Amino acid sequence: MKLLRLLMLAIACINYSIATANDLPNDAKENNRIVFGVAGVNPKDRPFRLGVKVLKEISKRTGYKMELITLPTKRAQVMLERGEIDADLARVKEFSNYNDSLIMVKEPIAKLPFHAYSTKKDLSVKDIKNSKDLRIVAVRGQVFPQTYFKDSEILLTNSIRSGFWFLHKNRADIFVAEGISAQTTADILELEKMGIYKLNPPLAIVDGYTFFTADNTEIAKKYEKALIEIKQEGIYDKIFEETK
């Protein structure tokens, strides 16, 4: 009988845990919790650390608890489209071409420099743009490379590290990636020792925008207002200067 009581107690605890877990995703907005995804970076990378600090300032002005999580680039897109996260922190404006129901905040969250990396140190940006023969690799889910090289065939990989590995193994001529997000991985790998170089100037420096799901219209408006305010007050620039 004692064993039976223990089994019944264990089953009751399991059922309670499952019920509680199922309730959690649906009460995020009731608790003023908004989940943002940032694609293709790690928590130690500068874009993530910048994002956390910017969202903290915006949270103070909106009353929402804004949480930032890291996700693979393609998965972030899928989760946003399914409503599993509330917003994607920084995407190029062409991101809306893949889902026109998303709300793009008109005030940019960041400037995104897209660089070409190559084992060919003297390759120029002009050569890259005009060539139809270069083997190009990019991170799956990043919209910019597919827009910039719309007439070229692009090999897609799952991570920044994999993109550099393709260059190292001579499976591609150039790897196109957002430079700020790629920097930590580049430093860890010590690219020049691998014979890989970041080509300058960038292929382009484009505005990055925050995208919200369609049911977050009012939150998107408050977010944009707060973002403009922290820029006007110099808080935004201070965060970028202090976060290296």
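**Working chat on a predicted model**

Q: Leaving aside neighbours within four places in sequence, which residues is Thr243 in contact with?
A: Arg46, Arg49, Leu50 and Lys53, once those neighbours are left out. Contact means heavy atoms within 4.5 Å.

Q: What should I know about the model itself?
A: This is a predicted model: local features need pLDDT of at least 70, side-chain atom pairs count only at pLDDT 80 or more, and totals for chains, interfaces and linings use all residues. Residues are numbered from 1 along each chain as its sequence is written, and side-chain values use heavy atoms, with hydrogens and water left out.

Q: Back to Thr243. Where does it lie?
A: In the segment after α9 (235–242). Helices (H or I, at least four residues) and strands (E, at least two) are DSSP runs, numbered from the N terminus.

Q: Is Thr243 buried or exposed?
A: Thr243 counts as buried because its relative accessibility is 1%. Buried means under 20% relative accessible area, exposed over 50%, partly exposed in between (1.4 Å probe, protein chains only).

Q: What polar contact does its side chain make?
A: One with the side chain of Lys53, at 3.0 Å. A polar contact is a pair of N or O atoms within 3.5 Å; within protein, one must be able to donate a hydrogen and the other to accept it, and residues adjacent in sequence count only if both atoms are side-chain atoms.

Q: Zooming out, how many helices and strands are in the chain?
A: Nine helices and 10 strands. The chain has 244 residues, and 44% of them are buried.

Q: How much of the contact count comes from residues 24 or more positions apart?
A: They account for 76% of the contacts in the chain with a separation of 6 or more.

Q: Where is there a case of that, with Pro108?
A: Pro108 and Gly208 are 100 residues apart along the chain, yet their C-alpha atoms are separated by 5.5 Å. Pro108 sits in the loop between β4 (103–104) and β5 (110–118). It is buried, at 18% relative accessible area. Not counting residues up to four places away in sequence, Pro108 touches Asp207, Gly208, Tyr209, Leu227 and Lys231.

Q: New topic: empty space. How many cavities of 30 Å³ or more?
A: One. It holds about 450 Å³ of space. On a 1 Å grid over the protein atoms alone, a cavity is a set of points where a 1.4 Å probe fits but cannot get out, and a pocket is an open set with protein on both sides within 12 Å along at least five of seven lines; lining residues have an atom within 4 Å of a point. Grid points are joined across faces, edges and corners, and a volume is the space filled by probe spheres set on the points.

Q: Which residues lie nearest the centre of that cavity?
A: Val38, Ala90, Leu112, Glu178 and Ser181, out of 28 lining residues. The lining divides into 20 nonpolar, five polar and three charged. Ala, Val, Leu, Ile, Met, Phe, Trp, Tyr, Cys and Pro count as nonpolar, Asp, Glu, Lys and Arg as charged, and the others, Gly among them, as polar.

Q: Which elements supply that lining?
A: Those giving at least two residues each include β1 (33–39), α2 (46–62), β3 (87–91), α5 (143–148) and α9.

Q: And the second largest pocket, how much space?
A: About 220 Å³. Its lining has 14 residues, with Gly40, Asn42, Ser159, Ile160 and Thr185 nearest the centre. Six are nonpolar, six polar and two charged. α6 (160–168) and α7 (179–189) each supply at least two of the lining residues.

Q: Which residues of α6 are buried?
A: Ile160, Gly163, Phe164, Phe166 and Leu167. Seen down the axis of α6, the buried residues fall within an arc of 150°, so they line one face of the helix. That arc is taken from the directions from the helix axis to the C-beta atoms.

Q: What covers them?
A: The cover includes β6 (136–139), β7 (154–157), β8 (174–178) and α7.

Q: What about the backbone: which residue after α6 has a positive phi?
A: Asn170, near 60°. It is in the loop between α6 and β8. Glu190 also has a positive phi, near 55°. Glu190 is partly exposed, at 41%.

Q: Where is the cis peptide bond?
A: Between Asn200 and Pro201, with omega about 0°. Pro201 lies in the loop between β9 (197–198) and β10 (204–212).
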